[in-house]
Amino acid sequence: MKTIKSLWGITVALTLMIVLTLPGGAALGSEMNMPMSTNSNAWNLIWSDEFDGTAVNTNDWNFNIGGEGWGNNELQYYTDGQNVTVANGELVITAENKNGGYACWYGPCEYTSTRMTTKAKQEFKYGKVETRMKLPTGQGLWPAFWMLGSNFDQVGWPASGEIDIMEHINLEETVYGTIHWDAGGYASYGCPSTDVVPTVDVTQYHVYDIEWDAEKIAWHVDGILYCEANILDNINSTEEFHEPFYILLNLAVGGDWPGSPDAGTVFPASMVVDYVRVYSANADSIFTDVPSTYWAWSFIERLYNAGITGGCNTAPLMYCPEATVTRAQMAVFILRGMHGSTYAPPSATGTVFADVPLGAFAADWIEQFAAEGVTAGCGGGNYCPDATITRAQMAIFLLRGEHGSTYIPPSATGTVFSDVPAGSFAADWIEQLAAEGITSGCGGGNYCPDNPVTRAEMAVFLVRAFSLP
C-alpha cells in the first residue's frame, strides 16, 4: 500500500494514453484499450475464506507485526491478531487509538490495528481476486485490499510489483485501484472509481475485484469496470505482473497519503470483510486429471510449463496428483529443479547403490543425486528407490537441493509445528522449510512429518523452493 504518484487517467474513453512517471522525469506513453466490462467470463473458484469460523485461519493467513511506518510513515502498530475478530461470517479488523505498550517509529504508538497476508500460504498468478467488505471513514483512515509479488523478500519493492485492488482514504466517496512496479525505477498507474462510478458509499457492503490475465489487470466495483492496465508482453517493463502474488488486508492509520487523524475521527474504527475469493479463468487444463478447481492446479501447471514434469501418463495426459512420490522420482524432480528442464545427468555406473543397478529406472539421476551430496541413500549401501518419501525427508532433500550439500539449517525451536518438537527427526530442516515460506504445514498447526508426499504436494514444494515461473 503505497502513496499513489501516477497521473490518473480517464477510463470511460475507449482508448487511453497513460503517462508513467519514470526515473529522471522521463515520460513513457502506451495505448490502453478500455472496453466496459460485462463480466461475461466464466470463473472457477479455486480458493476462498468465507470467515465462517471463530478465529483467523492461520493455515491461510499470517499477521505482519510492528510499528515502523511500513514505508508510508503510518502511525499504527500492527498487532499479532489482537485487533481482529471472526464471528457471524465476517472478519473484522479494528483500529484503536490506544498505545498497548508498543513502540512506533515516532515514539510510543498512538494506534493499533491489524495487517494480514497469505504470503507463502496462498499465492496466485492471474485470475479474479475479489472481496465483499464495508469500510470505516474518517480523516487518517486507510483500509486496503491488495497484493504483493511473492518474491518481495528476494527483490524488494517496487521490483516485486504491487496490485492495490481497493484502497480508500479519509471521507472520500471513491476507492482507488493502482499498480506499482519497477521500470528502471519506481512507476505506477491507477484510477479512482469516480472516473466511472459517481459515488461509492464505502460504509455499506460493496464487491471489489480485479480480473487479471496475461494481457491486462481490470478493476471493478460491484461488477462495474472503472480502470484497466495493459500488461501485454511486459509493456512498460510490467514483467512483475506475470509472476505469483499474495493477498493482504489491512487498516492503516495515518501516513503520507491520507494524513493524520483529527478530532473528528471516530475510534474504534472497523473494516468488515464478508469474504475473500480467488477464481481461475474457465480454461482448459493441461492435465485431464487436474481441473482448474483442484487445490494445487496452478503449481502443477507451472511445474509442467517449467519442463520439470511430463506427467504420469501421456494418452491422455495425466499428472496423478494424489499418487505418492518415490525416492527415485524425487531424484528426477529435484535435480531438474536445481539444474533446469534440459539437464541430463551422467550415465550411471551401477556401482553406487546395491539396489540401483545399471539400467534401473532413474539410475542416472539417483547416482547424480548422491554425487551432488544431496543423499547418501537409505542405509546398508542401498537407495530404496521404490520407497515413498515422507514430508520430513522431503524437507532435507529440498533444502540441500536449494542451498547445497554442505548447508546446515538453524537449530529448531520446537514451537513452529505442534507435531515437530525440538530434537525430533529433521526438526531443524522442517522449521527452516517453513521459515523460507515453502510450507505452512498440513493444517491445524501441524506438519505431518511422517506422511508420504503426494505429487500435488511435490509440485508446490518444487515451485516454491526453486522459484519456478
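Which residues in α3 meet R455, M458 and L462 in α7? They are Q329, M330, F333 and I334, and that contact is a handy way into this predicted model.

Start with the two helices themselves. Helix α3 covers residues 327-339, while α7 runs over 455-465. They pack at an angle of about 25°, and their axes are 11 Å apart. Angles under 35 degrees count as roughly parallel, so α3 is roughly parallel to α7. If you look at how they pass each other, α3 makes a right-handed crossing with α7.

Now stay with R455 for a moment. Besides being one of the α7 residues that meet α3, R455 has its charged end over the ring of Y319, 4.4 Å from the ring centre. There's another arrangement of this kind to look up: the charged end of R327 sits over the ring of Y383, at 4.6 Å from its centre.

From charges over rings, let's move on to rings paired with rings. The structure holds 22 aromatic pairs. Take F417 and Y447: their ring centres are 5.4 Å apart and the planes meet at 45°, so this pair counts as tilted. What does the pair tie together? F417 belongs to the loop between α5 (391-403) and α6 (427-435), and Y447 to the loop between α6 and α7, so the pairing links parts that are 30 residues apart in sequence. Are these two rings buried or exposed? F417 is buried, with a relative accessible area of 5%, and Y447 is buried too, at 0%.

Elsewhere, aromatic residues gather into a group. Y126, W181, W212, F241 and F245 form one aromatic cluster. Y126 is worth following, as it also turns up among the residues touched by Y279.

So where does Y279 lie? It's in strand β22, which spans residues 269-281. Y279 has a relative accessible area of 15%, which means it counts as buried. Leaving out residues up to four places away in sequence, Y279 touches two runs of the chain that you can pick out by number: W43, N44, L45 and I46, then Y126, G127 and K128, with E130 as well. I46 makes a good spot to check in the viewer: its C-alpha atom and that of Y279 are separated by 5.3 Å, although the two residues are 233 residues apart along the chain.

Note on methods: Residues are numbered from 1 along each chain as its sequence is written. This is a predicted model: local features need pLDDT of at least 70, side-chain atom pairs count only at pLDDT 80 or more; totals for chains, interfaces and linings use all residues. Side-chain values use heavy atoms; hydrogens and water are left out. Rings of Phe, Tyr and Trp (its six-membered ring) pair if their centres lie within 6.5 Å; planes under 30 degrees apart count as stacked, over 60 as edge-to-face and the rest as tilted. Helices (H or I, at least four residues) and strands (E, at least two) are DSSP runs, numbered from the N terminus. Buried means under 20% relative accessible area, exposed over 50%, partly exposed in between (1.4 Å probe, protein chains only). A charge sits over a ring if NZ of Lys or CZ of Arg is within 6 Å of the ring centre and within 35 degrees of the ring normal. Contact means heavy atoms within 4.5 Å. Axes are lines fitted to C-alpha atoms, for helices over the stretch in contact, and angles run from 0 to 180 degrees between N-to-C directions. Angles under 35 degrees count as roughly parallel, over 145 as roughly antiparallel, 65 to 115 as roughly perpendicular and the rest as oblique. A crossing is left-handed if the near helix is turned anticlockwise from the far one by less than a right angle, and right-handed if clockwise.
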